[in-house]
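Good morning, and thank you for joining this session. I shall begin with one pair of packed helices and then turn to the chain as a whole.

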Amino acid sequence: MENSTEDYRIQSFDLDTQVLLKTALKDPSAVNLEKVSNIIVDQSLKDQVFSKEAGRICYTIVQAEAKQSNGNVFRRNLLNRLQQEFKSREETRARSLQEWVCYVTFICNIFDYLKVNNMPMVALVHPVYDCLMRLAQPDALMNEEEVDCLVLQLHRIGEQLEKVNGPRMDELFFLLRDGFLLQEGLTSMARLLLLEILEFRAGGWMLSSTAHKYYYSEIAD
Amino acid sequence: MSEWTRDRRRDAHRSQHDERRSGPSQWSHCRKRGIDGSLRANREAEGCDRENGRHTDNSYRHSDNRHSSFTTPESAGPVSRCGRQADWGSQVEDDEMRRGVHRDMQRYRRRILGAEVTQRERKTSSGSSGSCDSREGENIETDEAVLLRRQKQINYGKNTLAYDRYIKEVPKHMRQPGVHPKTPNKFRKYSRRSWDQQIKLWKVKLHAWDPPTEDGRDNLLDNIEELGLDDVMDIELDFPTLSDSQNAPAALSTHSLSLEGEDCLGTPVKIQKTETTAESDTV
């Protein structure tokens, strides 16, 4: 089943790239892993759907490489490329909101999927927080796209992030709370999303069934 | 207590002046005292202060007493500072290695502990106390910075074609102490110099398994000649830290029994035994 989603995601590339990625998944030493990592990052920055799923592909390649040759060329290149993009995130955001949102989605997805001895990668904790903090700034809260991205990431990795660094999560939620309570001009969708994430964290990263009904039943009607 | 530390210090002194003359067991004992990483500065200080009396003694006692707790903050500092400077890829690799080393250390401790229990049982039957046990605990290198540095050196050695060939051609149970290369035990306390020597000798031995080339054999010989007698002396003297304990024979037999079924050829001791097993996890 996992393979079928991977295959599905890989369909969006041209034929040569598809072959390259499929080989990378099965026989990583046979391909240029630096190139593979760049292809994946480039695609993630363009394609929001892909950026949500790329973590799994990366995970599979990392595992395959470690098993095959005890190597980590792919992971190293992937992370360093991510770091490079991280450094220019303000320019990216100014240039293209979509690319910026894709970047955040991707780095969070990587944080979620790639682990070191089953623990989150410490090197990514602060960068991920930095991205989320940026999304929680007043100017970003005005963009539904960014709010949507922010709450989605928090739903996925909020609990893990809080475990590795609680104080920064508090800091982030002060911003969200203040934005929700004090900021003029938020769209109603943005307010609703913020309220939901505030309640979600307050409930121990879970929604009670009443809350769930409150936020989701209306949509169904 | 202070009396004891002062003695200890004097031992360390003597080791500097009588290095070549004192007997092996005393030498290795002193040497062990002199080790714990903090040392280079201490030694220099010793050089100029050694004629002074109580006053200096106190200051020494301080730095000496600190040694176990002293290393901890120091180790955390540099490592994380380096980590922050490095790129994310290296940070994650360092992180991975650090966790690996901690996991190894827990295993090693468990093993040592298990071995000590057996040893203590033996001893109580013969009436002596558990002095050796505490000693064993003290001998564990816990400084993270040191462990990481050593692990890196080991990784370099293992990341070779020669090593791959070696572990393939000589299965574990066939390896003989003194004949086959044996990965140095990173958890034992050794001086920097001794450790580097062990690594060097280990790598030289591993070269025997280099993939065959025309001048491969010459290479190996060159390496050995480069080493010189002093190097070899240095390393061999450093090993028998345990053999100077009165109960060594008993300890030896229990250890080899409790740790692995391998046959132990007399001298080379439980350190080496434990090491084999500890290393096997990291391969």
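Please look first at helices H5(A) and H7(A): H5(A) passes H7(A) in a left-handed crossing. The model in which we see this is predicted. In general, two packed helices are described by the angle between their axes and the distance between those axes. For this pair, helix H5 of chain A, residues 73-87, packs against H7(A) at an angle of about 145°, and the axes lie 11 Å apart.

Which residues meet at this crossing? From H5(A) come A:Leu78, A:Leu82, A:Glu85 and A:Phe86. On the side of H7(A), their counterparts are A:Tyr103, A:Phe106, A:Ile107 and A:Ile110. Sorted by class, the contact of H5(A) with H7(A) comprises seven nonpolar residues, no polar residues and one charged residue.

Let us now consider confidence. The mean pLDDT of chain A is 91, and 95% of its residues reach 70 or more. Among the elements of chain A, helix H7, residues 97-113, has the highest mean pLDDT, at 97. The lowest, 61, belongs to helix H1, residues 2-10.

Finally, the whole chain. Chain A contains 13 helices and two strands. Of its 221 residues, 49% are buried. Among contacts in chain A with a separation of 6 or more, 65% are between residues 24 or more positions apart. The accessible surface of chain A comes to about 10900 Å², and carbon and sulfur atoms account for 52% of that surface.

Thank you for your attention.

Methods. Residues numbered from 1 in each chain as written. Chains lettered and ligands numbered in written order. Predicted model: local features only at pLDDT ≥ 70, side-chain atom pairs only at ≥ 80, totals over all residues. Heavy atoms only, no water. pLDDT = per-residue confidence, 0-100. Helix = DSSP H or I, 4+ residues; strand = E, 2+ residues; numbered from the N terminus. Axes fitted to C-alpha atoms, helices over the stretch in contact; angles between N-to-C directions. Left-handed = near helix turned anticlockwise from the far one by under 90°. Contact = heavy atoms within 4.5 Å. Nonpolar A, V, L, I, M, F, W, Y, C, P; charged D, E, K, R; others polar. Buried < 20%, exposed > 50% of the residue type's maximum accessible area, 1.4 Å probe, protein only. Areas by Shrake-Rupley, 256 points an atom, 1.4 Å probe, with all protein chains shown as cover.
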